[in-house]
Amino acid sequence: MLSDPIDGGVIKSNPDLKVVANYAVGYNNIDVEAATRQGVAVTNTPGVLTEATADLTWALLMAVARRIIESDQFVRQGQFKGWGPRLMLGSDVYGKTLGIIGFGRIGQAVARRARGFNMEILYNKRTRLSRDREEKLGVQYAEVDELLKRADYISINAPLNKSTYHLVGLQEFELMKNTAIVINTGRGPIIDESALVEALKEGKIAGAGLDVYEEEPEVHPGLMELDNVVLTPHTGSGTIETRDKMAVMVAEDVIAVLKGKRPANLVNPGVYKN
Ligand code: GLV
Ligand code: GLV
């Protein structure tokens with residue numbers, strides 16, 4: 001599971017280990033270098049969870065923008081006493097600017113949905129896409145700072161690694177619009193969570209939708225107190241269909257390795273070089 005840290009110590013402790021098959025697409029919980037050195041194959045579950053994770057990203061975006069959780073509580077608590085011109089006002093989504101940080105499969109699936117909302121779509125990725133591909137997807141490349149300044153909605157869909165750890169901290173929140181809404185369905189530590197709480201409390205940004213946290217399953221107590229935050233328990237890929245596909249993928253990769261075959265979703269091809 002992505003919640004199991006498979007570090008060098010764990011890998012070393014079993015000299016017969018052949019494969020670590022992660023039930024997740026992100027594999028920051030695994031010391032891949034140590035695995036490769038010991039000849040252990042590492043696999044993950046790319047592709048099958050792309051659309052489900054993009055759906056949850058959008059569910060959070062819409063929930064924060066239109067205050068769905070607050071509204072539901074309001075109605076259930078019997079506070080709905082009649083239609084009001086200023087009741088529970090949220091923010092427009094249609095026609096706004098979306099900035100996507102991390103533009104792999106999931107980021108691109110988030111962008112595809114955004115086109116239906118007639119959004120201007122900015123993206124940042126370590127290696128820029130070809131102009132052709134950008135045109136096909138209807139997206140524009142932007143440096144992170146520019147993206148943060150221009151976006152009304154910021155979606156984090158990057159993997160966690162050394163270059164994305166605390167990519168969004170105090171300085172970055174300063175750059176954002178005070179009406180910005182930040183969504184994170186990538187990995188918690190990409191955002192400095194204390195800085196996020198401060199930014200939300202001080203009104204530097206308008207809201208956040210989070211599926212992942214810095215110290216899962218702990219959630220910063222500051223987040224729990226805020227109405228303009230929607231929290232889900234790391235369920236980006238959490239649909240029946242998707243979790244079934246992930247399970248089959250993991251099983252097939254394990255079986256492949258044990259049969260001496262190369263698994264389909266190998267993270268460390270270097271392991272088969274020697
Ligand atoms: C979930 O977070 C995954 O990486 O699959
Ligand atoms: C709202 O319900 C409207 O009819 O404008």
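Contact between two residues here means heavy atoms within 4.5 Å. The structure is a predicted model, and this report describes its domain arrangement and the surroundings of its ligand.

**Domains and their interface**

The domain assignment divides the chain into domain 1, which comprises 8–48 + 239–272, and domain 2, which comprises 50–231. A distance of 30 Å separates the C-alpha centres of domain 1 and domain 2. By the contact criterion, 9 residues of domain 1 meet 6 residues of domain 2.

The size of an interface is often expressed as the accessible area that is lost when the parts come together. Between domain 1 and domain 2, about 530 Å² is buried, and carbon and sulfur atoms contribute 50% of this area. On the side of domain 1 that touches domain 2, the residues fall into 4 nonpolar and 5 polar, with no charged residues. The count of salt bridges between domain 1 and domain 2 is 0. Polar contacts are found across the interface of domain 1 and domain 2 for 2 residue pairs, both at pLDDT 80 or more.

**Surroundings of ligand 1**

Which residues surround ligand 1? The shell consists of Leu2, Ala24, Val25, Gly26, Leu49, Arg187 and His234. By class, the shell around ligand 1 contains 4 nonpolar residues, 2 polar residues and 1 charged residue.

Oxygen atoms of ligand 1 pair with polar atoms of the protein at Gly26, Arg187 and His234. The table lists these pairs with their distances.

| Residue | Protein atom | Ligand atom | Distance |
|---|---|---|---|
| Gly26 | polar backbone atom | oxygen atom of ligand 1 | 2.8 Å |
| Arg187 | polar side-chain atom | oxygen atom of ligand 1 | 2.7 Å |
| His234 | N or O atom in the side chain | oxygen atom of ligand 1 | 2.5 Å |

On its own, ligand 1 has 200 Å² of accessible area, of which the protein covers 89%.

With respect to the domain assignment, domain 2 is given as 50–231, and Arg187 of the ligand shell carries a number within that range. Gly26, also listed around ligand 1, has a number within the 8–48 segment of domain 1.

Terms used
Residues are numbered from 1 along each chain as its sequence is written. Chains are lettered from A and ligands numbered from 1 in the order in which they are written. This is a predicted model: local features need pLDDT of at least 70, side-chain atom pairs count only at pLDDT 80 or more; totals for chains, interfaces and linings use all residues. Side-chain values use heavy atoms; hydrogens and water are left out. A residue is near a molecule or strand if one of its heavy atoms lies within 4 Å of it. A polar contact is a pair of N or O atoms within 3.5 Å; within protein, one must be able to donate a hydrogen and the other to accept it, and residues adjacent in sequence count only if both atoms are side-chain atoms. Accessible areas come from the Shrake-Rupley method with a 1.4 Å probe; for residues, only the protein chains shown count as cover. Ala, Val, Leu, Ile, Met, Phe, Trp, Tyr, Cys and Pro count as nonpolar, Asp, Glu, Lys and Arg as charged, and the others, Gly among them, as polar. Domain bounds come from an automatic or database domain assignment. Buried area is the accessible area (1.4 Å probe) that two parts lose on being put together, summed over both. A salt bridge is a side-chain nitrogen of Lys or Arg within 4 Å of a carboxyl oxygen of Asp or Glu.
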